[in-house]
Structure formats: structure tokens, C-alpha cells
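Here is a walk through one structure, strand by strand and helix by helix. Have the coordinates open as you read.

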Amino acid sequence: MSQASGSLAVTDLDHEAAFLNHVIEGLTDMPKQLSSMYLYDERGSKLFDAICELDEYYPTRTEIGIMRRHLGQMAAWIGPACLLIEYGSGSSLKTRLLLEHLSRPAGYVPIDISREHLVRAANALDEAFPQLEVLPVCADFNQPFDLPEPRRKVSHNVIYFPGSTIGNLTPVDAEGFLSRMAVVAGRSGGLLIGVDLKKDLNILLPAYDDRRGVTAEFNLNLLRRINRELAADFNLKNFRHEARYNEQEGRIEMHLESRREQVVTIGGTQIEFAAGETIHTENSYKYTLDEFEELAANSGWTVKQVWTDPKQLFSVQYLEVAS
């Protein structure tokens, strides 16, 4: 279904019906967990943009630094007349840098679950690049979706997946996700992806538990969203944000810890919480370059080029569908 928004037609894929089912299923599971994709309503997306500007949050500024140094090479690998497909387009700050260097792109398809954020970013890019056809899709990119067809001829598809979003998935799920990306990219397709690297915990942990409490507010906003959209009665003061590193799994975990024994009602379902019990809301896996290369190979991709910063905190990688 397409709906006009400003000068753009937005393709909307209904995900609201699944929200309640996912929340009830996740909170009746043991241990309790919720998908990190639900962190990104309009307010959550704005809070994440604020996180990206924090001193402690190294990934965004490091990735932008890598891109500024190597955009020419990245554009050369991507090539002319591509259909650029961005998963989780967010504010599209890094996309703007990339589009400025691409040669005659056939179109740009931003995909995001937050419609308001998607429309705002897509309209901004439509104004900044009047010769570019912008075709936004509001959807959960973890589920199958149809690509809009641009007016110009497409030579090949290239998926852009910046940030460290691939780290939100377990390695098994990431392998499946990358495999589905390979199908979307198709023959001669490519993938430009941000991959966070393993590093000292003194750098890693503060990035997910900043002094100003913006990350805590971002995490707690998930409960606020459930209250608003699903008529739940979470008392946010009864929960606190916690970030921890799981060394065995090689991942940062975000949790919402119940400060007391309590019962929460969601859509007529009562959910019991013990004091100290947590809702696991997000993972962020970190990789070595060799670990990610193996993951990519198992998913139908070949790593063609890797760019990193001098401190080896982060990487941007260009992959091609394996022949």
C-alpha cells in the first residue's frame, strides 16, 4: 500500500498487528525479552540520534570519519546506475555523504519501521537530491518485502546497512539475515555495511550507558511506547536501564531491570515481574575482521574491501554476492 507524504509516495507494510503478539510472547518467555526493532518509534529514533552525538558513543563519529576518508573508493566499488537500498535508514546522515559521491544512481530506497522518521528523512533527501528518485518503504526489514521499481534502468542493487545494526542479531540470525540480503541484492549485487569491532571494555561499556542517561531514556522509551500503543500500565519508575558485556557471546546486552516485584497489564494480559528480573531489549555483537568474514562467507557474500579507523574501533566493508 502506498500513501502520499509531501511529494513522496511511501509504501506502508502493516506491522502494528504483530506488535501486541510480539510483546506478549516476549514478556511471557523465560527470560523475558523484546525485539530491539521496537525501540525505534518516532521518539526512540530521535533519542537514538541524540545518542549518536554523545562523547561516549564512538560508532557514529568513527564510521563517519572512515567514510569521509574513503568515500571515493566506496563509490567506485558500488559503481554507476545502482539502486541503493538502505535497511534502517534512520536520519540518513551517512547516506547523504554516500549519495554525493555515487555515479548516476538509478534510485534510493530507504526502509525503516518508524514512519514519521522515514518520511522526514526521505523528504530531506528528496529536496537535497532533486535528480534522484527516492522510494521510501515503511516496513520491518527482517520480514519479506517488495522493492519499488524506479523509472530509471537499474544496473545492479546495492544494499547500504550502516551503523552496527548487524550486531543486534545473534550470529545465527545474522547469517540468515545476510543470506536474505543476498537474495534482495541479486546477481552482481553488493552490500556496504558497518561492522563494530571488539575492543577494550573501558571504551565499549560507556557507549551503552552514558553519563547523561540518554541511552537509559532510549531503553525505557520502549515501555512508554507499549503503554501508549497497547494500553499497558508500565510504571517507568519501577524499571532501570542496565548495560552489560557478555564475554562468552562477545556482545553488549541492554536490559530493563524491575526494581521491585510487580504486575503489569498489557492488552488484558497480566505479566508478573520479580524484583531484579530483567527484560532483555537489545544485543550488540562485536566481531573481529576474521569472524565477520567467515559469517559473510557462510551467508553467500565475499568481502571485497575493508576500511577501518586508525584505532581499529570500527569497520566499513564492501561485500559482493558470491558467484
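Is Q317 buried or exposed? Q317 is buried, and its relative accessible area comes to 1%. Keep in mind that we are looking at a predicted model.

**Around Q317 and its strand**

Q317 belongs to strand β15, which spans residues 314-321 and is mostly covered, with six of its eight residues buried. The side chain of Q317 makes a polar contact of 3.1 Å with that of S315. If you skip the neighbours within four places in sequence, Q317 is still in contact with a good list of residues, including L191, L192, I193 and V195. Also among them are L289 and F292, along with V303, Q305, V306 and W307.

Strand β15 has strand partners to look at too. Strand β8 (residues 190-196) runs antiparallel to β15, and seven bridges join the two. Strand β14 (residues 301-308) is likewise antiparallel to β15, joined to it by seven bridges. V316 is a handy place to see both pairings: it is the bridge partner of G194 and also of W307. Between β14 and β15 there are five residues, and the two strands make a hairpin. In that turn, Q312 has a positive phi of about 55°.

**Another hairpin**

Now go to strand β11 (residues 262-266). Strands have a simple habit here: in a regular strand the side chains alternate between the two faces of the sheet. Strand β11 shows a covered face made of Q262, V264 and I266, while V263 and T265 make up the uncovered one. The partner of β11 is strand β12 (residues 269-273), and the two pair in the antiparallel sense over five bridges. I266 stands opposite T269 of β12. This hairpin has two residues between its strands, and G267 takes a positive phi near 55°.

Here are the antiparallel pairs met so far, side by side:

| Pair | Bridges | A bridge partner pair |
|---|---|---|
| β8 and β15 | seven bridges | G194 and V316 |
| β14 and β15 | seven bridges | W307 and V316 |
| β11 and β12 | five bridges | I266 and T269 |

**The open sheet and its helix**

Next comes an open sheet of four strands, in the order β3-β13-β10-β9, with mixed pairing. At the edges stand β3 (32-33) and β9 (239-246), each with a single partner strand, so one side of each has no neighbour in the sheet. Helix α8 (residues 214-230) packs on this sheet, where it touches β9, β10 (251-258) and β13. The direction of α8 makes about 60° with that of β10. As for the β3 edge, β3 pairs with strand β13 (residues 278-285) in the parallel sense over two bridges, and K32 stands opposite I279 in β13.

Helix α8 has a helix partner as well. The axes of α2 (residues 42-51) and α8 come within 9 Å and cross at roughly 170°. Angles over 145 degrees count as roughly antiparallel, and α2 and α8 are therefore roughly antiparallel to each other. On the α2 side, the contact is made by R43, G44, L47, F48, A50 and I51. On the α8 side, V214, T215, E217, F218, N221 and R224 take part.

While you are in α8, have a look at R225, which sits in this helix. Which side of the burial cut-off does R225 fall on? Its relative accessibility is 6%, so R225 counts as buried. Setting aside residues up to four places away in sequence, R225 touches F19, M37, Y38, Y40, D41 and L230.

**A loop arginine and some cysteines**

R104 makes a nice contrast to look up next. R104 lies in the loop between α4 (93-99) and β5 (107-112), and at 58% relative accessibility R104 counts as exposed. The side chains of R104 and S103 are joined by a polar contact of 3.2 Å. The C-alpha atoms of R104 and L132 are separated by 8.4 Å, although these residues are 28 residues apart along the chain. Not counting residues up to four places away in sequence, R104 touches P80, A81 and C82.

C82, in turn, counts as buried at 0% relative accessibility. How many disulfides does the structure hold? The count is zero. C52 is in no disulfide, and the nearest cysteine sulfur, that of C138, is 20 Å away. C52 also counts as buried, at 16% relative accessibility.

Terms used. Residues are numbered from 1 along each chain as its sequence is written. This is a predicted model: local features need pLDDT of at least 70, side-chain atom pairs count only at pLDDT 80 or more; totals for chains, interfaces and linings use all residues. Side-chain values use heavy atoms; hydrogens and water are left out. Two strands pair if DSSP finds at least two bridges between them. Contact means heavy atoms within 4.5 Å. Axes are lines fitted to C-alpha atoms, for helices over the stretch in contact, and angles run from 0 to 180 degrees between N-to-C directions. A disulfide is a pair of cysteine sulfur atoms within 2.5 Å. Buried means under 20% relative accessible area, exposed over 50%, partly exposed in between (1.4 Å probe, protein chains only). A polar contact is a pair of N or O atoms within 3.5 Å; within protein, one must be able to donate a hydrogen and the other to accept it, and residues adjacent in sequence count only if both atoms are side-chain atoms. Angles under 35 degrees count as roughly parallel, over 145 as roughly antiparallel, 65 to 115 as roughly perpendicular and the rest as oblique.
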